[in-house]
Amino acid sequence: MKEFQISRYIKKWLPLIIVACIVMTAAVYLFLSFSQSYVASAVIRFNNENAVEGKNPDGSDLDVNSIKASSIMSQVINNLELDQNLYSVDSLISRIQITEVIDEDEQERKDALLELGEEYTYEPTTFIVSFEATNSEGREFAGKVLDELLDVYFSDYSELYINSASTVNSISEIYDSNYDYIEMVELINDNIGDTVNTLSSRISNNSTFRSATTGYSFTDLATEFNYIKSVKISELFSQIFKYQITKDKDLLISKYNERIKENGLAGSEAQKKIDDVLELMDLYVEKMRESGNTNITSEYILDEVHNRDLTDIYGELVGNGAQTVTYDKLIYSWRDNKDTDTYAVIGSAYCRYVLNEFNRCTGADSPAPIVSEVSAASVDGTGTDTAAQTEADAAGSFLNREIEENTSPCADSDLTCAALNTPGYDGIVEEVQNEIRSLLAELDELYRIVEATNTEYNEYLGAANISTLSTSSVNGTINVALYTGLAAVFFLVICCCGAVLLGRLNDIIRYVFYMDHFVEMNNRIAFDNYIKTSGRKLLSNDTACIMIAIKNQRMINNQFGRDSGDKLIKFFADNIKETFGEEGSYIAYNGNAQFFVIEKSMQMPQAQKLLEYFKLIVDKRELLREAEIEYEMGLAHAGQEGIHRIRSLVSKAVANRKNYVSKPGD
Amino acid sequence: MSTMKIIGIFGLIAVVPGLLGLLRLYFKFGDSAWNTLKRGFRLGLSFKLGTAVLAIACAGLFGLCYQAASGGEAVAIISLNYPDASKGQNANGTRFNMSEILCQEVLERAIRKGAFENVTVEDLSDCLSVTPTVQGDSTSEDAYHISTEYAVIYRENEKTAHLDAKNVVGVVANAYKEFYIDKYTDNFVALDIQIDPEADFSGLDYLDIATYLENQTNVISNYMYALGDENPGFISSAGESFYELAAQIRDIRSVQINDNLKAYLLQNGISKDRDKYIGRLTYNNTLSGFEREKDTASYDIRNEAIEMYSEEMTRVVLVPTWDEAGEYYMGRTKVGIDTLSVEAEAYSQQAAATQKEIETNDETIRAMEQNGTDGIDEKAEMMIADISSSIEQIADKAQKAGREYSEAKLNSLMSGTVIEDSFLREVIPVAVFVILFYMALNVFVGSFRKKTSDRMR
């Protein structure tokens with residue numbers, strides 16, 4: 001059997017190994033590329049001082065998972081104008097991953113505390129936020145969604161936990177709603193008041209902020225609202241009251257009478273609560289006194305700093321932030337109810353004022369002169385302020401003022417007195433309507449600027465409270481180059497091992513079934529197979545077939561013994577291999593001391609020379625020198641003979657055989 | 001077709017004959033793979049005029065195709081140079097978003113600026129990509145990185161083949177810079193004050209006009225003080241600092257508006273429509289009166305609450321606590337009266353402010369009633385025109401100074417650079433291709449030659 005040579009097997013299958021490796025590596029590459037997905041990730045840190053306690057700036061619990069909120073994702077989808085048939089909110093949310101980052105120092109602290117058996121609590125403030133995109137969506141999509149997600153979250157975070165006071169333009173559609181003119185102006189006035197309060201709180205938090213988008217600061221905007229309120233709103237109030245402008249006098253009177261009733265009920269309810277709270281406070285103080293809890297001196301000092309939050313004996317949180325004592329809660333309740341009661345009285349006074357204004361008779365020709373209720377009460381005839389007591393009394397009478405009865409004929413009309421008697425009344429009404437419409441348009445524009453400024457402010461606060469430690473980076477989930485390289489190496493190793501295994505198996509099969517073990521050559525079966533398989537191909541012109549056979553083998557066996565005869569056959573076999581055994585040649589022992597050599601690339605002269613050379617070897621042999629050896633050699637050359645089929649070439653070689661005799665002692 | 005595709009195709013053209021030649025050599029001589037390679041290498045280096053000519057011809061073709069393909073690709077580098085860029089923020093403190101570099105608005109601007117014909121935003125978007133030149137790694141703290149430099153890469157397609165690639169990335173980079181400046185840097189809209197007294201003040205009474213003018217001065221002075229605080233040393237080309245401009249507008253407010261115009265109007269009770277204005281102030285006072293009553297009532301309620309707060313419940317204890325600087329100190333326990341006192345004070349101030357407004361209105365009413373005049377007042381009109389003109393002038397100066405300051409900042413804010421192809425970048429692929437193709441051809445041709453001498457012994 002052939003020697004075990006790894007290189008021989010690999011060499012034999014090398015082209016196949018290379019092709020198989022390339023094909024399989026390419027398949028792996030395509031598979032990996034197809035399976036590739038991209039993860040965009042960024043590192044963010046919550047900066048506000050409460051974050052280390054796991055809190056938002058407003059004291060609520062910090063929940064970083066709110067990045068995955070559907071409201072945020074739907075905004076992302078809208079901002080990026082993604083096709084909602086392809087991208088649902090849930091499917092995108094499921095691709096977001098948030099991982100907390102614990103630095104090494106904190107980890108060491110945790111280990112140390114746990115080792116000492118102490119309780120360890122840690123609120124992470126640094127997080128990796130990542131978003132995964134599929135191969136078809138591409139790496140840019142991943143980065144784009146993550147960036148937009150963080151933008152929206154930063155802004156949303158600020159809006160929810162830092163800059164939560166909102167400015168809402170609830171009056172844009174007011175003109176087309178079923179409001180009377182005075183109600184419209186009241187609503188506009190209230191809305192502006194709320195907006196100015198909100199803007200003022202923003203100014204107090206950050207007076208220097210100026211929007212790059214709108215160019216305005218909150219101070220500029222508050223100034224603008226105040227100007228509108230002081231000039232345009234008061235102008236409208238003045239006109240509406242002065243000319244008793246209403247869409248429906250009866251309905252207006254009914255509405256304000258109803259408001260007075262509601263205020264009365266609210267006041268009564270508040271008064272009842274006030275009485276209850278007062279009673280409760282007295283009882284509370286009494287019981288505290290009896291239990292000795294009121295006898296605390298100022299020298300008393302607590303022995304330790306207490307947490308801001310209250311925890312139970314198991315350390316579980318039971319109360320957040322500042323803890324207000326019960327007595328304070330009672331007094332605040334009294335205060336709030338008292339406010340409600342008093343505001344109800346003032347509200348009713350205002351309603352009565354409105355009713356009086358719309359009920360009064362303005363006279364036949366022109367509206368009656370206007371007298372300020374409050375200023376008239378607070379200022380005497382000479383124009384100087386009266387004493388505080390006088391003012392308070394006057395204010396009291398102003399608040400308790402009853403609805404004045406109008407006995408004029410206009411009182412029975414569905415129209416106000418001014419509508420009945422003022423020349424050009426319709427023009428005045430139209431002017432007021434136009435002013436309201438114009439004011440609403442102006443406010444719409446102003447609110448748009450406020451909204452844009454506030455949006456930018458939220459983005460600014462978001463970025464100020466959540467810092468970016470590492471900007472978005474996009475990486476493939478699979479290192480295609482690395483895994484393709486590994487696959488190539490793996491396939492190369494597998495293919496080589498396969499080649500060695502198959503090659504060795506082939507060696508064994510050949511050795512057992514197709515090898516003449518005596519001469520170490522292909523046997524008759526192998527030669528038949530060779531002829532059969534080669535029979536389908538046309539031979540090249542350089543193919544040569546050589547037949548060598550020992551003719552007097554039987555005689556040598558008889559004369560010199562079988563061993564000597566075998567040795568002769570072995571001698572022939574070895575020398576045939578030596579002479580013709582180049583790579584590419586096929587040598588077979590056909591039995592009966594007959595050998596065949598098929599040379600695939602040999603010219604006729606070369607073949608003849610080799611036969612001569614072989615003859616010389618036989619003649620110069622050391623073996624059986626005393627014996628006469630008769631042998632025959634035949635040569636057929638495909639090019640020379642014009643035969644291109646193996647079977648015919650073999651036959652021709654047999655036919656062309658010539659006898660040779662090697663004399664003893666030659 | 002991209003340069004990578006061209007290199008790929010011509011690479012195949014060069015490599016395939018070489019490999020075929022090697023395979024032929026391998027099968028022909030039955031050498032080991034290594035010997036075949038050595039034989040192939042020797043063949044490859046041997047000089048053959050025919051293959052050399054053919055290789056040079058092919059390299060010429062490759063060079064043409066490569067040149068054509070590389071003409072359809074270009075890269076521009078956008079660098080963010082302002083301080084907050086290293087925090088991942090825009091110049092206005094908001095979060096920087098890389099995707100905005102190629103947002104719709106930027107591409108629309110680019111198409112407009114570059115006058116790109118027959119190209120839509122979608123077409124352009126398909127050809128462009130943006131990526132940080134250096135990308136961090138979120139998984140390792142040491143590899144965290146805030147990118148401040150981004151590469152805008154353009155690869156033409158059929159719809160944009162008629163555009164010049166370098167021009168496209170250059171225009172996109174400039175369009176982004178403009179977009180960025182518009183969106184994230186100082187905006188001087190508030191200082192764009194144009195006052196046309198006849199048109200703007202036709203429906204306003206004189207005191208309202210004075211208030212309007214005062215508001216405009218406030219807008220300018222606020223802006224100037226803010227810029228002054230940001231850079232106190234900046235001097236505009238007109239030789240004025242922001243504080244100087246703020247002082248100028250403050251003088252207009254205090255002297256021209258308050259001391260002159262308002263005093264003149266109030267002293268003489270001047271109004272365009274006295275009755276209407278008095279009526280408005282009167283109603284205003286009435287309505288303010290209700291507000292004042294609410295504030296006063298709230299103030300009284302809190303005072304009453306403090307008074308009725310049980311003395312026994314106001315005992316205090318000392319609590320070790322910490323201040324905003326993290327320093328420990330002994331604090332007193334807070335009781336309800338503290339909160340109530342603070343609230344009472346706030347309501348008191350509000351009530352006082354409202355009362356002041358009411359009294360001011362009363363004063364105005366009295367002035368108008370006692371010695372007021374109706375209609376247009378020439379002197380007031382003249383004063384208003386003068387003040388308007390002064391405000392406009394200062395607003396203009398303020399705007400110019402602001403823009404100068406902003407531009408000085410912006411010059412270093414961002415840079416966009418189109419990467420130019422170097423001579424070596426053009427020549428090296430062609431040279432490599434010539435050598436590769438020449439050797440491959442030699443191997444291929446050589447593999448067909450008969451080498452009978454190898455068989456001779």
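Here is a quick briefing on a two-chain complex, going from confidence to the interface and then through each chain. Bear in mind that this is a predicted model. The predictor puts the complex at an ipTM of 0.78 and a pTM of 0.73. Where the chains meet, 84 residues of chain A are in contact with 75 residues of chain B. Each chain also carries an open sheet of four strands, ordered 2-3-1-6 in chain A and 2-3-1-6 in chain B.

**Confidence**

- Chain A comes out with an average pLDDT of 84, and 88% of its residues score at least 70.
- The stretch to treat with care in chain A is residues 364-394, where the pLDDT is below 50. Even so, the model gives that stretch 42 contacts beyond near neighbours in sequence.
- For chain B the mean pLDDT is 84, with 91% of the residues at 70 or more.
- Chain B has its own weak patch at residues 452-457, where pLDDT stays under 50. The model has two contacts beyond four places in sequence for this patch.
- Going element by element in chain B, helix 8 of chain B has the highest mean pLDDT, at 93. At the other end sits strand 4 (residues 318-322) of chain B, which has the lowest, at 65.

**The interface, seen from chain A**

- To recap the head count, 84 residues on the chain A side touch 75 on the chain B side.
- Helix 9 (residues 326-359) of chain A supplies the largest share of the chain A side, with 13 residues.
- By residue type, the side of chain A that touches chain B splits into 37 nonpolar, 28 polar and 19 charged residues.

**Chain A: the sheet**

- The four strands of the open sheet run in the order 2-3-1-6, and their pairing is antiparallel.
- Strand 2 (96-101) and strand 6 (466-476) of chain A are the edge strands, each pairing on one side only.
- On average, neighbouring strands in this sheet are turned by 20° against each other, direction ignored.
- Inside the sheet, strand 1 (residues 38-46) of chain A runs antiparallel to strand 3 (residues 126-133) of chain A, and eight bridges join the two.
- For a spot to click on, try A:R45, which stands opposite A:T126 in strand 3 of chain A.

**Chain A: a helix pair**

- Helix 1 (residues 6-35) of chain A and helix 14 (residues 480-513) of chain A have axes that come within 7 Å and cross at roughly 150°.
- That angle makes helix 1 of chain A roughly antiparallel to helix 14 of chain A.
- The crossing of helix 1 of chain A with helix 14 of chain A is right-handed.
- Residues in the contact between helix 1 and helix 14 of chain A comprise 21 nonpolar, four polar and two charged.

**Chain B: the sheet**

- Here too an open sheet of four strands shows antiparallel pairing, in the order 2-3-1-6.
- Its edges are strand 2 (128-132) and strand 6 (414-418) of chain B, and each of them pairs on one side only.
- Neighbouring strands are turned against each other by 20° on average, direction ignored.
- Strand 1 (residues 73-80) of chain B pairs with strand 3 (residues 149-155) of chain B over seven bridges, in the antiparallel sense.
- One of the places to look is B:A76, whose bridge partner in strand 3 of chain B is B:V152.

**Chain B: a helix pair**

- The axes of helix 8 (residues 206-230) of chain B and helix 9 (residues 242-268) of chain B come within 8 Å and cross at roughly 165°.
- Helix 8 and helix 9 of chain B are therefore roughly antiparallel to each other.
- Helix 8 of chain B passes helix 9 of chain B with a left-handed crossing.
- On the helix 8 side of chain B, the residues that meet helix 9 include B:L207, B:L213, B:I220 and B:M224. From helix 9 of chain B, the residues facing them include B:F242, B:I249, B:I257 and B:L261.
- The contact between helix 8 and helix 9 of chain B divides into 17 nonpolar, three polar and four charged residues.

How values were computed
Residues numbered from 1 in each chain as written. Chains lettered and ligands numbered in written order. Predicted model: local features only at pLDDT ≥ 70, side-chain atom pairs only at ≥ 80, totals over all residues. Contact = placed C-beta atoms within 7 Å. Nonpolar A, V, L, I, M, F, W, Y, C, P; charged D, E, K, R; others polar. pLDDT = per-residue confidence, 0-100. Axes fitted to C-alpha atoms, helices over the stretch in contact; angles between N-to-C directions. Parallel < 35°, antiparallel > 145°, perpendicular 65-115°, else oblique. Left-handed = near helix turned anticlockwise from the far one by under 90°. Pairing = 2+ DSSP bridges.
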